[in-house]
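Open the model in your viewer and keep the selection panel at hand. The tour goes from the whole chain to single helices.

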2 protein chains.
Amino acid sequence: MSSLAQEEQFHVLAETLKLSERSLEIRWSDGKNANFHYLWLRDNCPSGFHPSTQERLFNLTTVSPDIYAFEGTFDTTTLYITWSEGAHKSAYPLQWLYENAYSPDFKKTLTSVIEPWGTEILNSLYEVDYSDLMQDDLVLFNWLKEVKKSGISYVRNVPCTDEGVTDVANRISFLRQTNFGTVFDVQSKPNPINNAYTSEALPLHIDLINQETPPGYQFLHCLVNDSQGGESTYADGFKIIEELRETDPDAFHLLTTITVPMRFHDFETDIRTRKTIINVDENGNLVELRYSPHLVDTFDMDESIMDSFYLAYRKLMDLINDSRFVISIKMKPGDLCIFDNRRVMHGRNAYEAGPGYSGARHLRGCYVDRSDFDSRLRVLERKYG
Amino acid sequence: MSSLAQEEQFHVLAETLKLSERSLEIRWSDGKNANFHYLWLRDNCPSGFHPSTQERLFNLTTVSPDIYAFEGTFDTTTLYITWSEGAHKSAYPLQWLYENAYSPDFKKTLTSVIEPWGTEILNSLYEVDYSDLMQDDLVLFNWLKEVKKSGISYVRNVPCTDEGVTDVANRISFLRQTNFGTVFDVQSKPNPINNAYTSEALPLHIDLINQETPPGYQFLHCLVNDSQGGESTYADGFKIIEELRETDPDAFHLLTTITVPMRFHDFETDIRTRKTIINVDENGNLVELRYSPHLVDTFDMDESIMDSFYLAYRKLMDLINDSRFVISIKMKPGDLCIFDNRRVMHGRNAYEAGPGYSGARHLRGCYVDRSDFDSRLRVLERKYG
């Protein structure tokens, strides 16, 4: 019931109240109608919440499924109900009822904050300075809002220490640990356990699609980039998916409904999941892209679907390779890129030594999950929103 | 392609090979038929995987969607293909093809390892001794298998130190961090931020349903339980859901398809998600229960669904309160309970001081996620399976 904490003026009045068998109806002074079911009302009686934790203590099974309002009245601020059982009375702030009404007149139009992008983002890539970000909560708040919108941003002048990347990430929340640790170093290694730890080109991909929930926001901090090549590449998966959805709805449908096995394994781990390559929520909003050719295991859908699935998958790949969507940035020491790993794909060009270049390249990375990123943004919104 | 690593004898031979426009068909010596589509075959050509990381390097967009087998032959162990483009040849071990065939003759019958339980589990609750568990990988392996089956087990004689619970959890994997930290202490606290930190009864629930992915396995280690009451309670959510699915399929359907808002918030966090209360995979297998009356936010589904949803939800609650499903165990210092937090609900009876009891109760807890638990089990299976 926290929305009551807001100090906004609320001017709508209740005009009429009608009690029916399983719900009551309020007609408001702005002409809207709202139905409230008795089970919903009883379950949300303000007396049923813990005063300190604000968590619900009320046990719905202590009332019958047929509980009803024996009596109902209202004044300018409050709806009062006397219940048919338990000798219980409830009082609901009208503002709270209005804000939580779920009838057709109150249908919420969800406006997405996501702004998909193509290469034009290079003209307006959001940047912040490390010192500003670390010292000023308002800078942090605005930065988080921008990162939420575009899914990508750069921080400049991050100290080239081991702690640079975690200092920035911890400004938001704690780190998401994975089988690669809480912090990982991306540089050529002998006997690499994954392709990132070589000097080869790394095609665009999402990290760790083999996890039940892939890591949310990724932080990559450049400590050394003294090589020919080695540019970082990015593409907005959501932009690409929207084009696929529009131009080939059948392919989009297959990729959002048919699950495939995903897997990473080495000597110490064998982490698997089974998911669709594109995930949408029940309203069709994009939730995540799980694209990583390295980590999809052998496809095993029904024979009758296999060929059309592969054609759909290959069409998505074609779009991902399309230069209209890919940006390329050579990081220099002190640069840090944050991106939504479940939306924005990343990769790199191959790198090597050359005239004036030692061939060394070293990025240090970590993750913060979406839940914790969003939480931080909401809490800052209480103050700055 | 790791299944080849297994040393099992493979006796089936290929008998005939027929090349068609988009796939080829193998008839095996055991009478089965398998179709393999050309895109699937090309994408799984053994030459396309990194020799060290075993990850796929091949880029499917380097071949056309209409690639086909120009020529195909086989011997007793291998299928050889010459492709219509790229002057490429592939060689596939027949055993690998047989094991990864996806035609109707090869339909896998998935056998679940899950064994739902009611109160009868008290007669056979799986227990291990701390020292055995810490020293013997085979004990660990058998324990993990049992925990996977029943979703619950006790470890006895865990040293009553701060590290007891993390020592056991780290035997499996690293810890899942949440806004409550990596390790949490369950005892009465002043100004509690959630109901667990009081001495009140705690009804059966799943922890942190407000997270996009709630923590997987929970570890609760009893350090002190010098109180009247304070028994731990558990119930197998999957057992309860199966009864609901059988007795009220409409309620089951609503609870698996209509999402509700879930939320935890305090001074520092505001973590929200939106999920169904019961999650099933595309084959109808149970994935998780998200039941916590404390943490469901105000329901906001369509007016036309609200009443029937509430009735379905209340029916689930009735089953959860049914004594046929609930077990009650008073933990003593040194006991540690592990349970699958996304399947097995936990709670406790209220506790207080009394004759001979100080009223003190202290559990220490942490989590390991399902992905990492399963990974550990798979890796041990390589040796002991």
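One term first: a residue is called buried when its relative accessible area is under 20%, and exposed when that area is over 50%. Bear in mind that this is a predicted model.

**Stop 1: all of chain A**

Select chain A and show it as a cartoon. Nine helices and 22 strands make up its secondary structure. Along the principal axes, the C-alpha atoms fill a box of roughly 85 × 60 × 40 Å. Chain A has 385 residues, and 55% of them count as buried.

Switch on the surface. Chain A exposes about 16,100 Å², with carbon and sulfur atoms supplying 49% of that area. Now colour by charge. There are 38 positive and 57 negative side chains in chain A. The centres of these two sets lie 1 Å apart.

What share of the contacts in chain A with a separation of 6 or more comes from residues 24 or more positions apart? The share is 72%.

**Stop 2: the two domains**

Colour residues 2-106 of chain A as domain 1 and 119-384 as domain 2. Their C-alpha centres lie 44 Å apart.

**Stop 3: A:D43**

Zoom to helix α1 of chain A, residues 38-43. A:D43 belongs to this helix. Is A:D43 buried or exposed? Its relative accessible area is 2%, so A:D43 is buried.

Show what surrounds A:D43. Beyond its neighbours within four places in sequence, A:D43 is in contact with A:F49, A:R56, A:F58 and A:L60. Keep chain B visible here: B:Y310 is in contact with A:D43 too.

**Stop 4: helix α6 of chain A**

Select residues 237-247 of chain A, which form helix α6. Show the side chains of A:F238, A:I240, A:I241 and A:L244, and mark A:G237 as well; these residues of α6(A) are buried. They share one side of α6(A), because the arc they cover around the axis is only 155°. Turn to the other side of α6(A). There A:E246 and A:T247 are exposed.

**Stop 5: helix α7 of chain B**

Move to chain B and select residues 249-257, helix α7. Which residues of this helix are buried? They are B:A251, B:F252, B:L254, B:L255 and B:T256.

Now add their packing partners, each in chain B. Two are helices: α6 (237-247) and α8 (303-320). Two are strands: β16 (278-280) and β17 (286-289). The buried residues of α7(B) pack against these four elements.

Key. Residues are numbered from 1 along each chain as its sequence is written. Chains are lettered from A and ligands numbered from 1 in the order in which they are written. This is a predicted model: local features need pLDDT of at least 70, side-chain atom pairs count only at pLDDT 80 or more; totals for chains, interfaces and linings use all residues. Side-chain values use heavy atoms; hydrogens and water are left out. Buried means under 20% relative accessible area, exposed over 50%, partly exposed in between (1.4 Å probe, protein chains only). Contact means heavy atoms within 4.5 Å. Accessible areas come from the Shrake-Rupley method with a 1.4 Å probe; for residues, only the protein chains shown count as cover. Lys and Arg count as positive and Asp and Glu as negative; His and the chain ends are not counted. The place of a charge is taken as NZ of Lys, CZ of Arg, CG of Asp or CD of Glu. Domain bounds come from an automatic or database domain assignment. The arc is that of the directions from the helix axis to the C-beta atoms.
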